Amino acid sequence: MTTLTGCSQIHFGKDAVTIGNVKKEKSTKAKIKKAQSSSKKTAPKKKKVVKKKIVSKWDIKKTQKLQKAVNQWGKAIGQSYPDVLKKNRFLLNKKIIKIGYSLLGKNDYQYNVVAIANENFKSWHNTYLFCLMKDKPVILLDQSKNANPVMVKVVKGKKLNKDFSKIYTEK
């Protein structure tokens, strides 16, 4: 803004000519500094820690449905899977895991076995352990010659995992 010489009350602005006293606008830099200083004064919000209670979604009806699904699946591929639980040490990826039978899927172990399907062979077997790990369905497979410790791996097959997950998430 410029002022006409000799005329202190006439001001030429960017968009207008003003007669009389004119308040000077603060510069953009001053506005930014003020905004920054006011934002620094506010304390950061504290995050509230919420403890999540894990409620098992597993029950006897789901165990029975899963057993029926496994039996149908086994028939389709020519195998039968009676329930079996052996007291052995279990290794997954060469590490000992805490595993145990938990009919209602309670979080008593690292892997809570809600059902077992086992096909017995004379020297070799397939044992499927249907587990809940941190409230998520996981199927472990033991394919061994009755060894101790039992070496298990995570089952990647889509059909059986899909059936187990579907049964688990049912209400």
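Is D59 buried, exposed or partly exposed? In this predicted model, D59 counts as partly exposed, because its relative accessibility is 31%, a value between the limits of 20% and 50% that bound this class. The residue is placed in the loop that joins helix 1 (28-41) to helix 2. Although D59 and L103 are separated by 44 residues in sequence, their C-alpha atoms lie 7.3 Å apart in space.

The chain as a whole contains three helices and ten strands. In sequence order, these elements follow the pattern β-β-β-α-α-β-β-β-β-β-β-β-α. Of the 171 residues in the chain, 30% are buried. The exposed surface of the chain amounts to about 13500 Å², and 56% of this area is supplied by carbon and sulfur atoms. Among the contacts of the chain with a separation of 6 or more, 43% are accounted for by residues 24 or more positions apart.

The packing of two of the helices was examined next. Two packed helices are described by the angle between their axes and by the distance between those axes. For helix 2 (residues 60-76) and helix 3 (residues 158-169), the angle is about 160° and the axes are 10 Å apart. Helix 2 is therefore roughly antiparallel to helix 3, since angles over 145 degrees fall in that class. The crossing of the two helices is right-handed. On the side of helix 2, the contact is formed by K62, K65, L66, A69, V70 and W73, and on the side of helix 3 by K159, L160, F164, I167, Y168 and T169. By character, the residues of this contact comprise eight that are nonpolar, one that is polar and three that are charged.

Backbone geometry draws attention to the loop between strand 4 (90-92) and strand 5 (95-97), where N93 is located. Most residues other than glycine have a negative phi. N93, by contrast, has a phi near 55°, a positive value in a residue that is not glycine. K94, found in the loop between strand 4 and strand 5, likewise has a positive phi, of about 65°, although it is not a glycine. N93 counts as exposed because its relative accessibility is 66%, and K94 is exposed with a relative accessible area of 75%.

Strand 5 includes residues that differ in their exposure. K95 is placed in this strand and is exposed, its relative accessible area being 59%. The C-alpha atom of K95 is separated by 9.3 Å from that of M151, a residue 56 positions away along the chain. I97 also lies in strand 5, but I97 is buried, because its relative accessible area is 8%, under the limit of 20%. When neighbours within four places in sequence are left aside, the contacts of I97 are with F90, L92, Q110, Y111, L140 and V152. One of these partners, Q110, is 13 residues from I97 in sequence, with a C-alpha to C-alpha distance of 6.8 Å.

Key. Residues numbered from 1 in each chain as written. Predicted model: local features only at pLDDT ≥ 70, side-chain atom pairs only at ≥ 80, totals over all residues. Heavy atoms only, no water. Axes fitted to C-alpha atoms, helices over the stretch in contact; angles between N-to-C directions. Helix = DSSP H or I, 4+ residues; strand = E, 2+ residues; numbered from the N terminus. Parallel < 35°, antiparallel > 145°, perpendicular 65-115°, else oblique. Left-handed = near helix turned anticlockwise from the far one by under 90°. Contact = heavy atoms within 4.5 Å. Nonpolar A, V, L, I, M, F, W, Y, C, P; charged D, E, K, R; others polar. Buried < 20%, exposed > 50% of the residue type's maximum accessible area, 1.4 Å probe, protein only. Areas by Shrake-Rupley, 256 points an atom, 1.4 Å probe, with all protein chains shown as cover.
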